[in-house]
Amino acid sequence: MKNVIILGASGNVAGHVIDILVKKDDINLTLFLRNIRRLRNNGVSKPALPAGRCRIVEGDVLDYKQLKEAITGQDIVYANLSGDLEAMAKNIVKAMDETGVKKLIFISSIGIYDIPLKSVLKPYRKAADVIEASDLEYTILRPTWFTNVDEVDYEITRKGEPEIGSVISQKSLATLITKIIETPEKYIGENLGVDKPNS
Ligand SMILES: NC(=O)c1ccc[n+]([C@@H]2O[C@H](COP(=O)([O-])OP(=O)(O)OC[C@H]3O[C@@H](n4cnc5c(N)ncnc54)[C@H](OP(=O)(O)O)[C@@H]3O)[C@@H](O)[C@H]2O)c1
């Protein structure tokens, strides 16, 4: 069994990831979110979550004690967050270091290496910098703009390569995240652009 925690589990992309992961028998899922009532996203409804393998923890990533407690004993941390991402990334790295959890999947954004850097993207860039400076087995994802289209069609680019494509379905991004959760040794120390081919 693999212990996986989703930080920001009420988020849009997280909802799609949960939809996929709850069907896997080898995953113990912890959903960490500020308000349990906001979990009902993307068709995810609380009664549909299998009780034995899915735990819900109310907490704030900026509350270090709550975060560390939730991360303890996990194998994989998947961060689906918005807001003060630099402070969140610092808390996550510290909590993972102190609890010996190595694998982190973190959603950032397209455009974080653009010059000049758009101010809205500064938290995304700072968070990526914090994670890259860590000793974690991280995978940073830099998706293009989201669509709600019900399709799985994506390609990845490496750091330093041009970010191609302009959109990506949330379901595609969720599928990639699920694949990384299933094979965490893949994409260690990588910082990947994600887009729909020819978009
Ligand atoms: N939309 C796009 O086209 C696009 C493109 C590229 C990248 N992105 C980025 O990709 C990421 C994932 O996207 P998304 O649409 O899934 O995001 P989202 O729906 O906005 O989800 C972000 C989640 O973060 C949670 N959160 C915020 N502060 C928190 C805290 N202190 N502690 C715990 N949870 C907290 C929010 O929970 P609450 O419910 O409590 O607020 C929310 O559920 C985001 O960073 C987004 O900006 C988006």
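The radius of gyration used here is taken over C-alpha atoms, and the globule rule is 2.2 Å times the number of residues to the power 0.38. The model on display is predicted.

**The whole chain.** Begin with the C-alpha trace. With 199 residues, a compact globule would have a radius of gyration near 16 Å, and the chain agrees with this because its own value is 16 Å. Along the principal axes, the C-alpha atoms fill a box of roughly 45 × 35 × 30 Å. Switching to a cartoon representation shows five helices and ten strands.

**The ligand and its pocket.** Select the ligand next. The space that the ligand takes is the largest pocket. Two elements, helix 1 (12-21) and strand 7 (145-147), each give two or more residues to the shell around the ligand.

Extend the selection to residues with a heavy atom within 4 Å of the ligand. This shell holds 22 residues, of which the closest are Ser10, Arg38, Asp60, Leu81 and Tyr124. Colouring the shell by residue class separates ten nonpolar, nine polar and three charged residues.

**Polar contacts of the ligand.** Three residues may now be displayed in turn.

- Arg34: an N or O atom in the side chain of Arg34 is 2.8 Å from an oxygen atom of the ligand.
- Val61: here the backbone takes part, with an N or O atom 2.9 Å from a nitrogen atom of the ligand.
- Phe146: a backbone N or O atom of Phe146 lies 2.8 Å from an oxygen atom of the ligand.

How much of the accessible area of the ligand does the protein cover? On its own the ligand has 910 Å² of accessible area, and the protein covers 83% of this.

**Two backbone details.** Leave the ligand and select Ile115 and Pro116. The peptide bond that joins Ile115 to Pro116 is cis, with omega near -5 degrees. Pro116 is placed in the loop between strand 5 (103-107) and helix 4 (122-132).

Finally, select Tyr187, in the loop between helix 5 (170-182) and strand 10 (190-195). Although Tyr187 is not a glycine, its phi is positive, at about 65 degrees.

Methods
Residues numbered from 1 in each chain as written. Predicted model: local features only at pLDDT ≥ 70, side-chain atom pairs only at ≥ 80, totals over all residues. Heavy atoms only, no water. Polar contact = N/O pair within 3.5 Å; in protein donor to acceptor, adjacent residues only side chain to side chain. Areas by Shrake-Rupley, 256 points an atom, 1.4 Å probe, with all protein chains shown as cover. 1 Å grid on protein atoms, 1.4 Å probe; cavity = no way out; pocket = protein on both sides within 12 Å on 5 of 7 lines; lining within 4 Å. Sits in = over half its atoms within 2 Å of the grid points. Helix = DSSP H or I, 4+ residues; strand = E, 2+ residues; numbered from the N terminus. Nonpolar A, V, L, I, M, F, W, Y, C, P; charged D, E, K, R; others polar.
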